[in-house]
Amino acid sequence: MPKKKTLKKLSEAKNKARKEGGISNEMNVNELAENFANIKTTDGKEENFNFPVAMWDLCQCDPKKCTGRKLARFGRIRTLRLKQKFNGIVLSPIGQVAVSPGDREIVVKHGVAVIDCSWARLEDAPFEQMKAAFPRLLPFLVAANPTNYGRPYKLSCVEALAASFYITGFPDKALEYLNNFSWGCTFLDINSDLLKAYAECQNSSEVVEVQNNLIEKFQTEAQNRSK
């Protein structure tokens, strides 16, 4: 799990970028990325875990916009075959348990996988042919990718991976993957409070409880603004 000191530094980096003109400015995005890259997951010594990262590509997305395929071209992710089993965490719409810091050891030993499919074609996805040892759902987060910007839950592959890395204690790995996209740091910025809250939980039940409390808070604030 990320140390509180690490989370404080993440927040400071985000606030610094905002004060200097916002993350939409290219120079500030690069500076924010540099600040994140310098953060350690433990006090003093950087932990460098090279765990497996994989995906099932159902070829439903626009190849020019597909973050999973871009990661594959960069050698950041391995493509799995249908019916091939993955022994780590699998981020799947049919998961029953929320990913949490309690999954950290599974990630370290077996890694994380995603299912690269279109949100508009979930009914066509052969989920039963993607053998997941530990299927997981992501809690409430907001997309920053150009296709679904501002929409809750509609994350791209790289956003889903980054969120799972962050929640399970690897904020440096999250940034490493998001840095492959010009808008990547925006995902961390707009979800900073959410990710921090989830990363401070102990297990899936706590993550769901925090999620529900945050959603209720957001709804109350929205209602108060509309009065």
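Asp103 sits in the loop between strand S3 and helix H4 (residues 104–110). This residue is buried, because its relative accessible area of 5% falls under the 20% cut-off. The model described here is predicted. Its protein chain holds 9 helices and 5 strands.

**The loop residue Asp103**

- Setting aside residues up to four places away in sequence, Asp103 touches Ile89, Ala98, Arg136 and Thr168.
- Asp103 belongs to a loop that follows S3 and leads to H4.

**The chain as a whole**

- Starting from the N terminus, the elements come in the order α-α-β-α-β-β-α-β-β-α-α-α-α-α.
- The protein chain has 227 residues, and 50% of them are buried.
- Take the contacts in the chain with a separation of 6 or more: 72% of these join residues 24 or more positions apart.

**Nonpolar cores**

- The largest nonpolar core contains 47 residues.
- Inside this core, the residues with the most contacts are Val114, Leu141, Leu161, Phe165, Phe187 and Tyr198.
- Helix H5 supplies the largest share of the core, with 9 residues.
- Phe187, one of those residues with the most contacts in the core, touches Leu141, Val142, Ala144, Leu155, Glu159, Ala162, Ala163 and Leu178, leaving out residues up to four places away in sequence.
- A second core, separate from the largest one, has 9 residues. Among them are Ala54, Phe86, Ile115 and Met130.

**Helices H5 and H8**

- Helix H5 spans residues 157–167, and helix H8 spans residues 192–199.
- The two helices pack at an angle of about 45 degrees, and their axes lie 8 Å apart.
- H5 is therefore oblique to H8. The angle falls between the ranges for roughly parallel, under 35 degrees, and roughly perpendicular, 65 to 115.
- On the H5 side, the contact is made by Ala163, Tyr166 and Ile167. On the H8 side, it is made by Leu195, Lys196, Tyr198 and Ala199.
- Of the residues in this contact, 6 are nonpolar, none is polar and 1 is charged.
- H8 is largely enclosed by the rest of the structure, because 6 of its 8 residues are buried.
- The buried residues of H8 are Ser192, Leu194, Leu195, Ala197, Tyr198 and Ala199.

**Just after H8: Glu200**

- Glu200 lies in the loop between H8 and helix H9 (residues 204–226).
- With a relative accessible area of 41%, Glu200 is partly exposed.
- Glu200 and Ile167 are 33 residues apart along the chain, yet their C-alpha atoms are separated by 8.2 Å.
- Ile167 also takes part in the contact of H5 with H8.

**Annotated binding-site residues**

- An unreviewed UniProt entry carries the annotation "binding site" for Thr67, Ile115, Leu138 and Tyr153.
- Thr67 is part of helix H3 (residues 67–73).
- Thr67 counts as buried, because its relative accessibility is 6%.
- Apart from neighbours within four places in sequence, Thr67 is in contact with Ser156, Cys157, Val158, Phe181 and Trp183.
- Ile115 is included in the second nonpolar core.
- Leu138 is in the loop between strand S5 (residues 131–136) and H5.
- Not counting residues up to four places away in sequence, Leu138 touches Leu91, Val99, Leu155, Ala160, Ala163 and Ser164.
- Tyr153 also lies in the loop between S5 and H5.
- Tyr153 counts as partly exposed, at 38% relative accessibility.

**Positive phi values**

- Tyr153 has a phi near 75 degrees, which is a positive value in a residue other than glycine.
- Lys83 has a phi near 75 degrees too, again a positive value in a residue other than glycine.
- Lys83 is placed in the loop between strand S2 (residues 78–80) and strand S3 (residues 85–91).
- Lys83 counts as exposed, because its relative accessibility is 62%, over the 50% cut-off.

Note on methods:
Residues are numbered from 1 along each chain as its sequence is written. This is a predicted model: local features need pLDDT of at least 70, side-chain atom pairs count only at pLDDT 80 or more; totals for chains, interfaces and linings use all residues. Side-chain values use heavy atoms; hydrogens and water are left out. Axes are lines fitted to C-alpha atoms, for helices over the stretch in contact, and angles run from 0 to 180 degrees between N-to-C directions. Helices (H or I, at least four residues) and strands (E, at least two) are DSSP runs, numbered from the N terminus. Angles under 35 degrees count as roughly parallel, over 145 as roughly antiparallel, 65 to 115 as roughly perpendicular and the rest as oblique. Contact means heavy atoms within 4.5 Å. Ala, Val, Leu, Ile, Met, Phe, Trp, Tyr, Cys and Pro count as nonpolar, Asp, Glu, Lys and Arg as charged, and the others, Gly among them, as polar. UniProt positions are given in the numbering used here, feature names are shortened, and annotations may be inferred rather than shown by experiment. Buried means under 20% relative accessible area, exposed over 50%, partly exposed in between (1.4 Å probe, protein chains only). A nonpolar core is a set of buried Ala, Val, Leu, Ile, Met, Phe, Trp, Tyr and Cys residues joined through side-chain atoms within 4.5 Å.
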